Each structure stands twice: as structure tokens, then as C-alpha cells.
Amino acid sequence: MDFAALMSKEIAKAKPTKSESSTPSAKESPKPQGSKYVRRGDEEAARIAAYKEEQERAEREREERLRNKRKLEDEEAEKRHAREEKKRRLAEESRKRREEEEASQERDRRRRLGLPDLPPDEGEEQNEGEDIPDEELLEKLREMNEPARLFGESHVGRLRRYRRLVERALTPQQRLSDGPIPTTLELVPEVEMKIPTALPKDLEGRKYLFRQLASYFNMVLGEWDRALAKRDASVKQSMQGRQAYNAMVQSRENLKPLFRKFEKVELDDGVLEHIMEIVHKAQQRKYVDANDAYLRLSIGKAAWPIGVTMVGIHERSAREKLHQSDQQAHILSDEITRKYLQSIKRCLSFSQTRWPPDDQLQIMG
């Protein structure tokens with residue numbers, strides 16, 4: 001065999017067969033049949049399709065993770081709610097057990113001391129309305145700007161206090177009138193303040209009379225306050241100026257119990273008749289007559305022991321008249337009554353300076 005035949009045989013062995021050359025390699029990209037080149041657009045479309053598939057797969061994985069996370073959060077929330085509910089139930093049972101023990105100890109103590117038994121438990125009244133958990137009740141009391149707990153107060157007591165506050169909030173509050181002394185009475189204008197001489201018998205007439213009296217005293221106190229405000233600064237800072245202002249403030253405070261009696265229509269007829277006479281005479285600028293009515297109201301006409309009332313061992317015949325007034329309480333024995341009567345006298349003294357009388361004989365000393 002010559003060299004040329006040997007080389008031809010080796011070259012034939014190295015060349016691939018026709019079947020192997022026709023099958024594309026796995027690493028090579030598919031080529032269109034009949035062409036050994038690949039279009040760039042086809043490569044870009046293949047790349048985009050692969051990218052979209054990768055993004056869809058990542059989105060599915062992300063949604064799966066979110067579902068698992070929400071599921072875990074829901075399970076944790078259910079467990080937490082169950083723990084809080086169990087804690088609340090245990091706290092409620094512990095509170096009831098503690099209240100029962102305290103009530104039992106109190107009954108034993110009262111039995112040992114011989115005291116009467118306790119009244120029925122307040123828990124019976126609690127059944128009238130829906131119970132509120134203690135934590136929620138404390139939050140509601142704080143929202144109403146009320147103390148959450150009071151010393152020695154139980155859950156039932158807090159619940160009753162909360163219900164009273166809610167009922168009070170729902171009840172329409174009466175509007176207070178403007179003036180030195182705020183009152184629920186509707187004040188009348190100055191032209192309607194004329195006080196009658198006779199005491200009204202019907203309830204409506206009395207209510208209107210109390211409105212007139214409240215309006216008159218508020219008017220006098222308002223004029224008194226304005227008159228003191230118009231003074232010079234030196235007069236205000238002086239001792240007499242401060243005393244005059246303190247007298248006005250004290251009179252205003254002492255007249256408040258009288259205004260409360262006006263609002264409740266519960267002033268005694270004997271006192272009311274004399275106050276009507278005082279105000280009626282003051283409106284007529286007869287201040288001496290008004291002062292006489294004030295004296296009849298304050299000290300009356302009872303005999304007062306003055307000087308030596310008993311000499312020797314024999315009692316005088318008229319001595320028993322001195323103690324007739326002791327059988328009933330005197331009007332000045334009540335501190336509140338004494339204070340608002342003194343305030344009426346001060347208002348009378350200011351009125352004669354603010355509205356001086358035409359007759360100089362009607363000026364009080």
C-alpha cells in the first residue's frame with residue numbers, strides 16, 4: 001500500500017458520516033431547515049419568552065410566600081385572641097371569687113359583732129343591664145375623664161358609677177342664665193321686675209315671682225360690680241376699696257343658697273313675704289321702710305332680755321314673755337339664712353346709693 005492510499009484511509013476515518021452530520025448537536029441552537037444561519041429576531045423572541053417564564057415563576061413563588069405568611073399571621077392572631085379571652089375569663093372568675101370571699105368575711109364580722117346582715121348584693125341590680133368587662137369599663141371611664149378606680153370600689157360599683165354618668169350625660173342639662181349668680185331660672189327684663197304686694201297662691205305665680213326676685217338681685221349685684229370696677233386704681237388698692245370689693249363678693253356667694261331655693265320653689269312663706277316687702281319698698285325707693293321690713297324679718301317683734309331680768313328670789317310676772325321665743329327656732333339661728341339675709345341688707349345699702357330716693361327722709365342711717 002502506497003502512502004497516498006494510507007492518507008486517504010485516515011482522512012476518511014476522520015470525516016463524520018452523513019447521518020451524524022445531518023443531526024444537530026444538543027448544544028447548538030436549532031437552525032431553520034435549509035439554512036445554516038439564525039435570525040437575530042428569533043433569538044430575541046426566545047430570550048423574551050424565557051424572561052417572561054422566569055418572571056411568572058418568581059411571581060408564583062412570591063404569592064405562595066405571602067399566602068403562607070398570612071396564614072401564619074391569622075393563626076397567631078387566633079392564638080393571641082384565645083389567650084386574651086382565657087386571661088379575661090380567669091380574671092373575671094378571680095374577681096368574683098375575691099368579692100364572694102370579701103362578702104363572706106364581712107358577713108362573718110358583722111355576725112360576730114352582732115350587727116344586722118348586709119343588704120342584698122348589688123349583683124342583683126347588675127342583671128338589669130349588660131355586664132361590661134373590667135378592662136373595657138376602665139377605658140370607657142378614662143374616655144369620660146373620670147377616675148378609672150376609686151378606693152375600695154368593686155367592679156359592680158364601677159359599673160353602677162359608669163351607668164350613672166351615662167344617664168347623666170344623656171339627660172338634657174338646663175341652661176344657666178348669665179349674671180353674677182348663674183341660675184336655671186329664666187330672668188325677666190327690668191320693666192317686669194315689679195314685685196307685687198300680695199303673695200301668689202298658685203304655683204305658676206310663685207315661679208314667676210321667684211324669677212322676678214332672681215332678676216332683681218342679679219341686676220343689683222351687676223350694678224354693684226360695675227360701680228366698683230369704675231373706681232380709680234388707688235381707691236381699689238386701698239384698705240377701704242378692698243373691703244368694699246370683698247363685701248360684694250361675699251354677698252354674691254351668700255345669696256346662692258337663696259337662689260337654689262328659688263329654683264326648687266321651696267322658700268318658706270314667712271320669709272318670702274318679708275323678702276317681697278323689702279324688694280317692693282326698695283323698688284319704690286323707700287329704703288327706711290325696706291329696712292324696717294328687714295328688721296322685722298331678722299329679729300322680729302319678740303321681747304329680748306336687756307339689762308337685769310331677775311332680782312331676788314321672786315320671779316316677775318312678765319318674765320315668761322322673754323322666753324316665749326325659745327319654744328321655736330329663731331330665723332337667725334340658721335347660718336345659711338343669716339348669711340343671705342345679711343347679703344340682702346348689703347344690696348339694700350348699695351341700692352340707696354345707686355338709685356337715691358326723692359325723699360331724703362327715706363335714706364337709711
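Visitor: How do you know that the length of helix 3 agrees with its residue count?
Guide: Helix 3 runs over residues 40-113, which is 74 residues. The expected span is 1.5 Å times one less than the number of residues, and for helix 3 that comes to 110 Å. The C-alpha atoms at its two ends sit 108 Å apart, so the two values agree. Bear in mind that this is a predicted model.

Visitor: Which residues of helix 3 are buried, and what covers them?
Guide: Glu92, Arg95 and Arg110 are the buried ones. Their cover includes helix 6, residues 155-170.

Visitor: Why is histidine 155 called buried?
Guide: The cut-off is under 20% relative accessible area. Histidine 155 comes in at 1%, so it counts as buried. This residue belongs to helix 6. Leaving aside neighbours within four places in sequence, histidine 155 is in contact with Arg95, Glu99, Asp131, Ile132, Pro133, Asp134 and Leu137.

Visitor: Asp134 and Leu137 again point me to helix 5. What makes you say that its buried residues line one face?
Guide: Helix 5 covers residues 134-143, and its buried residues are Asp134, Leu137, Leu138 and Leu141. Look down the axis and they fall within an arc of 100°, so they line one face of the helix. The spacing fits the usual geometry: an α-helix has 3.6 residues a turn, so residues three or four places apart point the same way. The buried residues of helix 5 pack against helix 6. Just after helix 5, asparagine 145 takes a positive phi of about 60°.

Visitor: Which other residues have a positive phi?
Guide: Two examples are valine 265, with phi near 55°, and arginine 285, with phi near 65°. Neither is glycine. Valine 265 sits in the loop between helix 10 and helix 11, while arginine 285 is in the loop between helix 11 and helix 12.

Visitor: Are those two buried, exposed or partly exposed, and how do you know?
Guide: Partly exposed covers the range from the 20% cut-off for buried to the 50% cut-off for exposed. Valine 265 has a relative accessible area of 26%, so it falls in that range. Arginine 285, at 32%, therefore gets the label partly exposed too.

Visitor: Now arginine 206. Why is it called buried?
Guide: With a relative accessible area of 16%, arginine 206 is under the 20% cut-off, so the label is buried. Arginine 206 is part of helix 7.

Visitor: What does the side chain of arginine 206 make a polar contact with?
Guide: With the side chain of aspartate 269, at 2.9 Å. The cut-off for an N or O pair is 3.5 Å, and the value for this pair is 2.9 Å. Among its contacts beyond four places in sequence are Leu199, Pro200, Val265 and Leu272.

Visitor: What makes a group of residues a nonpolar core, and which members touch the most others in the largest one?
Guide: Members must be buried nonpolar residues joined through side-chain atoms within 4.5 Å. The largest core has 43 residues, and Leu213, Leu255, Leu258, Leu267, Ile275 and Ile344 touch the most other members. Helices 7, 10, 11, 12 and 13 each give two or more residues, and helix 7 has the largest share with eleven. As background, in soluble globular proteins, nonpolar side chains tend to be buried together. A second, separate core has six residues, including Leu137, Leu159, Tyr162 and Leu165.

Visitor: What does isoleucine 344 touch?
Guide: Not counting residues up to four places away, isoleucine 344 touches Phe217, Leu255, Leu258, Ile275 and Ile278. Its C-alpha atom is 7.8 Å from that of serine 251, although 93 residues separate them along the chain.

Visitor: And why is serine 251 called buried?
Guide: Its relative accessibility is 0%, so it is under the 20% cut-off. Serine 251 is in helix 9 and, sequence neighbours up to four places away aside, touches Trp224, Ser343 and Arg346.

Visitor: How many helices and strands does the whole chain have?
Guide: There are 13 helices and zero strands. Of the 365 residues, 24% are buried. Among contacts with a separation of 6 or more, 60% join residues 24 or more positions apart.

Methods. Residues numbered from 1 in each chain as written. Predicted model: local features only at pLDDT ≥ 70, side-chain atom pairs only at ≥ 80, totals over all residues. Heavy atoms only, no water. Buried < 20%, exposed > 50% of the residue type's maximum accessible area, 1.4 Å probe, protein only. Helix = DSSP H or I, 4+ residues; strand = E, 2+ residues; numbered from the N terminus. Contact = heavy atoms within 4.5 Å. Polar contact = N/O pair within 3.5 Å; in protein donor to acceptor, adjacent residues only side chain to side chain. Arc of directions from axis to C-beta.
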